[in-house]
Amino acid sequence: MKIFVPAVAALLLTLASCSAQNGPAICAHRGFWKCQDVPNEQNSLASLKMSQDYGFWGSEFDVHLTVDGVAVVYHDDIKDGMLIHTTTYEELAQKPLSNGEVLPTLEAYLDQGKLSKRMLVLELKPESSREQADALIDHCIRALKERDLYRPDRVMFISFDLEMCKRLAVEAPEFTNQYLEGNIAPEELHAMGINGIDYHYIAFHKHPDWVERAHKLGMSVNVWTVDTVEEMQYLIDLGVDCITTNEPLKLRDLLNR
Ligand code: MG
């Protein structure tokens, strides 16, 4: 498990440097869009900018590959009735987002992301084949390197695709790399070289000891998507490193109490 040692150091540094002194780091889920300041949309450039402007620790966002090899930031597999994996970017971009933006490419998103020091929590969405999954990882790494963002203190990876996490563990061991599905105990992931978990909060009701067990192995613990004060408090008390939320202001207020 040699590759894991620098990964642990990097992720602990990353989280330590970014999280609130007295609680978990605040990760805005798909940017900060649930606010009244401007008309906003999840995973838009505007929602990323809002998260940056409010100074949250980081922003989570979802990346898919189109059939013509463009990486796009969008949550669902289907946009305006078109399956992203089988549609060209030009077709997908014909209809704007509800806030008027063109569907953001990963490159446009990273250009905005580069404008602040906040963390970019990049979710690699499952693809239609292993080849496409590998192509998405290659694309993301290339785009990050081109922007001097291939840095563990600026970017971390999350995915529901265990194989993607396993490949990143080998290829980018210095980065925080969290598995999302919530169905694997920390020890098992650690044995695969994966250095973090980002699980739905229900997983931590079923297995509250997973937080401590992950920490004992030097793994980072993130949790999604936590929007109530009661749930936030439960997870703060459990000692998670990061909370991903649609209500980042609510979490900030709670941490500042
Ligand atoms: Mg996501």
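**Burial, aromatic pairs and a magnesium site**

Q: Why does Tyr199 count as buried?
A: Its relative accessibility is 0%. Buried means under 20% relative accessible area, exposed over 50%, partly exposed in between (1.4 Å probe, protein chains only). Therefore Tyr199 is buried.

Q: What kind of model is this, and which thresholds apply?
A: This is a predicted model: local features need pLDDT of at least 70, side-chain atom pairs count only at pLDDT 80 or more, and totals for chains, interfaces and linings use all residues. Residues are numbered from 1 along each chain as its sequence is written, and side-chain values use heavy atoms, without hydrogens and water.

Q: How many aromatic pairs are there, and by what rule?
A: The count is 10. Rings of Phe, Tyr and Trp (its six-membered ring) pair if their centres lie within 6.5 Å; planes under 30 degrees apart are stacked, over 60 edge-to-face, the rest tilted.

Q: What makes Tyr179 and Tyr199 an edge-to-face pair?
A: Their centres are 6.3 Å apart, and their planes meet at 80°. Both values satisfy the rule, so the pair is edge-to-face. It links distant parts of the chain: Tyr179 in strand β8 (residues 177–179) and Tyr199 in strand β9 (residues 196–200), 20 residues apart. Strands are DSSP runs of E, at least two residues, numbered from the N terminus.

Q: Is Tyr179 buried or exposed?
A: Buried, because its relative accessible area is 4%.

Q: What makes Glu60, Asp62 and Glu123 donor residues of the magnesium ion?
A: Their oxygens coordinate the ion at 2.0 to 2.1 Å. Donors are N, O and S atoms within 2.8 Å of the metal (3.2 Å for Na, K and Ca); water is not among the atoms, so sites may look incomplete.

How values were computed: Helix = DSSP H or I, 4+ residues; strand = E, 2+ residues; numbered from the N terminus.
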